[in-house]
Structure formats: C-alpha cells, structure tokens
Amino acid sequence: MNETPPPPVALSPAALPDAPLADTLRLVALDGAPVLLASSTHSAAPPHRTDIWALPLAGRGPSGAVATIPQLLPALPRWDAAAADGGALSFVVEVAGGAVNALVRLDGASGLRTSLTAHRPFASFSGPRFVRGAAAGSLPAPSPGAPGAVSAVVDNATAVVLEPAAAGGASTERPLGECIDVVVLAGSPGPTAVCKRVAPGASRGGALPGTVRVSARDAAYGPAGAEDAPFGDRRVFELDADRAGGGLVIVATSAAHLLVAHRPAPGAAFRVLPVDAGGADPATFSAPCVLVTDRTVTLAVLSKARTPDARALVATWPLDPPP
C-alpha cells in the first residue's frame, strides 16, 4: 500500500525589521512560543556594529531590538542565541580579529561579555552554536541561568564542543572530527551531531558547499554509531537542525532548493519533505533556521539577503500527524 505523500512545507513572508541590511536569522523559544531573531550589520563606516531584532511569531515574546554587538572590523559576524532563565536571551558571537576569530558569550540583559576561546588565542573559531536540548542546561555555565556548551569549527576544518568551566575558567574542548559547519543536539542516551563536510564547488554568500552527515555521539561527544546522510550526497550551503521528540528535523539551502528532512526516531529513515517556496527563488535563500516547540515545527529562511528586496519566509506545521 502506497504511503500518502505529505503536503508541501509552505513558506509565507513575515515582516522583517531593517530588512535591506538583514543577513542572519535564528529561531528561539521564549515562554514556549517561537521568536524570530534577525541581525543587520552596519559596516559602511566606523563605528561598526551588528543589531539583533526580535519578531514574535505567535504573539508572545520580545519585539524590536534585543542586542547590539560592537565590532572593530566590518565583517558580518556569525552568532547564535538561546533562552536563559527568566526569558532573557544569551548570545554567542564570532568576533573577527583579522587572521583569527574568537568566540564570546554576550548576556542580552546585562551586556556582559565572556570569552570562550581565550585558552587558544592563535586558533580561529567560527560558526558558533549553542548545544540544543534540555541536557545543554545541565552543563556548567559561567553564570547562573545561562545556556551551557557551544559548538564551533576550529581553523575551518574541525568541529568541537566547548564546555565552559563552572567557575569561569578555561573551556574544555571535545573534538567532533572533520567538519566545516555543525549543529549539536543534546539527547538520550547521548548527543547528536549534524555536520557539513566540505565538497567541491564554488561558495555562495561566503558559505562553502558540503554534504550533510548525522551521527550519534556518546557522553564525551565521541562517535557512537554509523553516520546517516539525510540528503544523500546533495551539496548544501547552510544548515540548521532541532530535536523533534526522539527525532530530528534538518533544513539546508542548496543551489536551487530549500531541503527539509525529518527523522521520527533514532534509527529510522530520513524523509525529505516537499517545499512550496511561495513564488520566491530558492537560489536566493540563506540563513535557514528551524525550531521545534511542543511537536510543532517552525522554519524560517532569508530571501535576497542585504538587498532592498530582502525578506524572511516562514513555515509552521505539526509533526503529529506528519506534515
């Protein structure tokens, strides 16, 4: 008996503050509701800065500017956000230093900055992400209520997880292996790493092409099983992922499509979902992000970044029944 094909994931536009300069999107859950964050970097002349804006998608959460990141150089910083205790936001930011990049944690409420990579001043760290999932909150953090571990890529080649010291000391690095972009999700019995491995081809928007590989990890982030390839060997540019109960949802941009894959449980096969771009051109998509809250998936992507036609496209669908 043939399985009924799922309806397409339908994208629709969402209002975006400072749209002509928008370059990065992230989704966070605040009070159980999805909030879209967008950054715009002002780099035409010093003083350079990146502003981060919030747009509540379900009528709850902050709206307007939530953080300003001062910069010495005009580069577009890569960053991630997570909810801390009390509904505040915590950010991890890539700080361009010319030859090397450092990572800092920025408390959105106090503005306090904490270095995560001072223990390796001559290494370059990029693509920071908070380790996602409830277990991440149990890891030591530099201040009460702040999210814990952070994943990143060292010297554009190797993925690591940085576990902060309980008393604000040097971070502990846990290697994940060869990778040029990575999202790590906490879970039981261990974490899951969604990794982009480099592939031949030209970059797009500063992102190198690669293939997506998913692997289970043990408590020390070592390999704990065979890898999965949710999109086969299709080349992608940017990716994001989130836990869906015991499963996983992954979104990635490719040369001509927005790719979405869902795995309902560990060991199950990934299913690639159809996407209705609503008339937008997927070749212009960047900064994909995905968030699962209460078995509901919210996906967002940026179209025509840093142009007068820039806009965010958003889709929401329930995991039960499958989309």
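Throughout these legends, a residue is called buried when its relative accessible area is under 20% and exposed when that area is over 50%, with partly exposed in between. The views all come from a predicted model.

**Figure 1. Asp80 and Arg26 meet in a salt bridge between two strands.** Let us start with Asp80, whose relative accessibility of 1% falls under 20%, so Asp80 counts as buried. Its partner Arg26 is buried as well, with a relative accessible area of 8%. The closest N and O atoms of Asp80 and Arg26 are 3.1 Å apart. This pair links distant parts of the chain: Asp80 belongs to strand E7 (residues 79-83) and Arg26 to strand E3 (residues 22-30), 54 residues apart. A search of the whole structure finds twelve salt bridges, and a few others appear in the next two views.

**Figure 2. Arg60 and Asp31 form a salt bridge from one loop to another.** Here the closest N and O atoms are 3.8 Å apart. Arg60 sits in the loop between strand E5 (48-56) and strand E6 (64-71), while Asp31 sits in the loop between E3 and strand E4 (33-42), so the salt bridge ties together parts that are 29 residues apart in sequence. How accessible is Arg60? Arg60 is partly exposed, with a relative accessible area of 39%. Asp31, in contrast, is exposed, at 67%.

**Figure 3. Arg213 pairs with Asp233 in a salt bridge of 2.6 Å, N to O.** The two residues are 20 apart in sequence, with Arg213 in strand E17 (residues 210-216) and Asp233 in the loop between E17 and E18. Their surroundings are worth comparing: Arg213 is buried, with a relative accessible area of 16%, whereas Asp233 is exposed, with 60% relative accessibility. Elsewhere, Arg129, Arg132 and Asp240 are joined into one network by salt bridges that share partners.

**Figure 4. Cys179 and Cys195 are joined by a disulfide.** The sulfur atoms of Cys179 and Cys195 are 2.1 Å apart, and the count of disulfides comes to one. Cys179 lies in the loop between strand E14 (172-178) and strand E15 (181-185), and Cys195 lies in strand E16 (residues 192-198), so the disulfide ties together parts that are 16 residues apart in sequence. Both partners are buried: Cys179 has a relative accessible area of 3%, and Cys195 has 7% relative accessibility. Which cysteine sulfur is nearest to that of Cys289? The nearest is the sulfur of Cys179, 19 Å away, and Cys289 is in no disulfide. Cys289 is buried too, with a relative accessible area of 0%.

**Figure 5. Strands E18, E19, E20 and E21 make an open sheet.** The strands follow the order E18-E19-E20-E21 and pair in antiparallel fashion. E18 and strand E21 (271-273) are the edge strands, each pairing on one side only. From one strand to the next, the twist averages 20 degrees. Strand E18 (residues 239-244) is joined to E19 by six bridges. Among the partners across this pair, Ala241 is matched with Ile250 and Ala244 with Gly247. The hairpin of E18 and E19 has two residues between the strands, and Gly245 takes a positive phi near 65 degrees there. On the next pairing, six bridges join E19 to strand E20 (residues 258-263), with Val249 standing opposite His262. The hairpin from E19 to E20 runs through four residues.

**Figure 6. Strand E19 is largely enclosed by the rest of the structure.** Why is that said of E19 (residues 247-253)? Seven of its seven residues are buried, so the rest of the structure largely encloses this strand. Gly247, Val249, Val251 and Thr253 point one way from E19, and Leu248, Ile250 and Ala252 point the other way.

**Figure 7. Leu11, Val249, Phe285 and Trp317 touch the most other members of the largest nonpolar core.** This core has 20 residues. The elements giving two or more residues to the core are E19, E20, strand E23 (285-293), strand E24 (296-303) and strand E25 (311-318). In soluble globular proteins, nonpolar side chains tend to be buried together. Looking at Phe285 beyond four places in sequence, its contacts include Leu11, Thr253, Leu258, Val301 and Leu313. Arg204 and Ser303 are also among the residues that Phe285 touches.

Notes: Residues numbered from 1 in each chain as written. Predicted model: local features only at pLDDT ≥ 70, side-chain atom pairs only at ≥ 80, totals over all residues. Heavy atoms only, no water. Buried < 20%, exposed > 50% of the residue type's maximum accessible area, 1.4 Å probe, protein only. Pairing = 2+ DSSP bridges. Core = buried A, V, L, I, M, F, W, Y, C linked by side-chain atoms within 4.5 Å. Contact = heavy atoms within 4.5 Å. Axes fitted to C-alpha atoms, helices over the stretch in contact; angles between N-to-C directions. Salt bridge = Lys/Arg side-chain N within 4 Å of Asp/Glu carboxyl O. Disulfide = S-S within 2.5 Å.
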